[in-house]
Amino acid sequence: MVSIVIDRTGTHARTDHDHRHQHAPARSSDPVILPPVSVNGVPISRKEIAAETQNFPAVNPGAAWHAATRALVIRHLLLEEARRLGIVAEPQADADGRIETDEDSLLRLLLEREVQTPKADEETLRRFYENNRKRFLTPPLFEADHILIAGRREDVAAFAQARERAASLAAVLMRQPERFADLARDCSDCPSREVGGSLGQISIGDTTPEFETALSGLAEGEISGPVETRYGVHLIRLARKIEGSLLPFEAVKSRIASYLEEHVRRQATAQYISLLIGRADIRGIVLDGAATPLVQ
């Protein structure tokens with residue numbers, strides 16, 4: 001476990017003797033020295049940073065400390081800038097009736113005022129649509145049948161029996177694929193046995209990942225080998241695949257506009273924060289910043 005030590009003095013005590021010796025390489029249990037942090041002369045306390053680290057799970061305490069400190073530094077810069085500009089908090093309620101804090105209100109109002117996000121015009125929206133047509137395809141539909149031999153993985157003996165029974169049925173179907181519906185009625189543990197194993201039309205996300213992967217790899221009329229899922233072992237037949245179709249531009253126009261607006265807003269906000277960092281006197285942590293405006 002890595003322990004965190006805050007360097008309060010910034011200096012190290014000298015020993016009363018002077019001799020050369022080799023130091024062992026740092027171990028994972030060696031302490032991590034974390035310097036005091038301040039923004040434009042205002043300290044950010046160790047208590048604040050420690051409390052903030054709970055919002056930033058990380059592989060080690062040093063990474064959590066850096067992420068939490070960065071977040072607190074940025075928040076401090078934004079609040080400082082909001083107050084410098086004379087912005088007055090106007091808390092709003094969300095859809096659940098929760099009122100934002102004065103500080104959150106200041107952050108929102110600052111970014112609304114200072115970060116400009118132009119809306120994409122019709123030409124930009126259409127260009128995005130044409131360049132990303134795959135994003136606007138409806139998911140394919142599958143007309144499929146299956147035979148389920150039920151069994152839970154945690155019951156090792158029962159699942160082994162399910163595997164054996166499914167393998168036996170698969171061997172029969174290799175010789176006589178036309179018997180699929182009859183075998184489903186006689187052997188399947190799924191209620192679909194009443195209709196010869198038919199699942200009707202299903203789409204992506206309607207079944208387990210293993211079932212979906214096997215189904216997607218079948219040609220029409222093809223029968224899979226045994227497919228194991230959390231429900232047991234399946235034999236799957238693809239009756240028909242209906243490919244997805246392209247949604248018309250007008251149906252997705254507003255979705256594209258929202259996506260592009262959010263993308264531009266995030267980029268512009270990051271640039272604005274970078275500018276504030278570049279102007280600030282930040283001690284104890286190194287953050288990338290810009291010395292000149294990036295948002296025009």
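This short presentation describes a sheet and an aromatic cluster in the structure above.

The model is predicted: local features need pLDDT of at least 70, side-chain atom pairs count only at pLDDT 80 or more, and totals for chains, interfaces and linings use all residues. Residues are numbered from 1 along each chain as its sequence is written, and side-chain values use heavy atoms, with hydrogens and water left out.

I begin with the sheet. Three strands, in the order β4-β3-β9, make an open antiparallel sheet; strands are DSSP runs of E with at least two residues, helices runs of H or I with at least four, both numbered from the N terminus, and two strands pair if DSSP finds at least two bridges between them. β4 (42-44) and β9 (282-283) are at the edges with a single partner strand each, so one side of each lacks a neighbour in the sheet. Strand β3 (residues 37-39) is joined to β4 by three bridges, and V39 has V42 as its bridge partner in β4.

I turn now to the aromatic residues. F128, Y129, F136, F249 and Y259 form one cluster; rings of Phe, Tyr and Trp (its six-membered ring) pair if their centres lie within 6.5 Å, and planes under 30 degrees apart count as stacked, over 60 as edge-to-face and the rest as tilted. Y129 and F249 are an edge-to-face pair, 5.5 Å centre to centre with 70° between the planes. Because Y129 lies in helix α4 (residues 122-131) and F249 in helix α8 (residues 249-279), this pair ties together parts 120 residues apart in sequence.

Is F136 buried or exposed? F136 is buried, at 4% relative accessible area, where buried means under 20%, exposed over 50% and partly exposed in between (1.4 Å probe, protein chains only).
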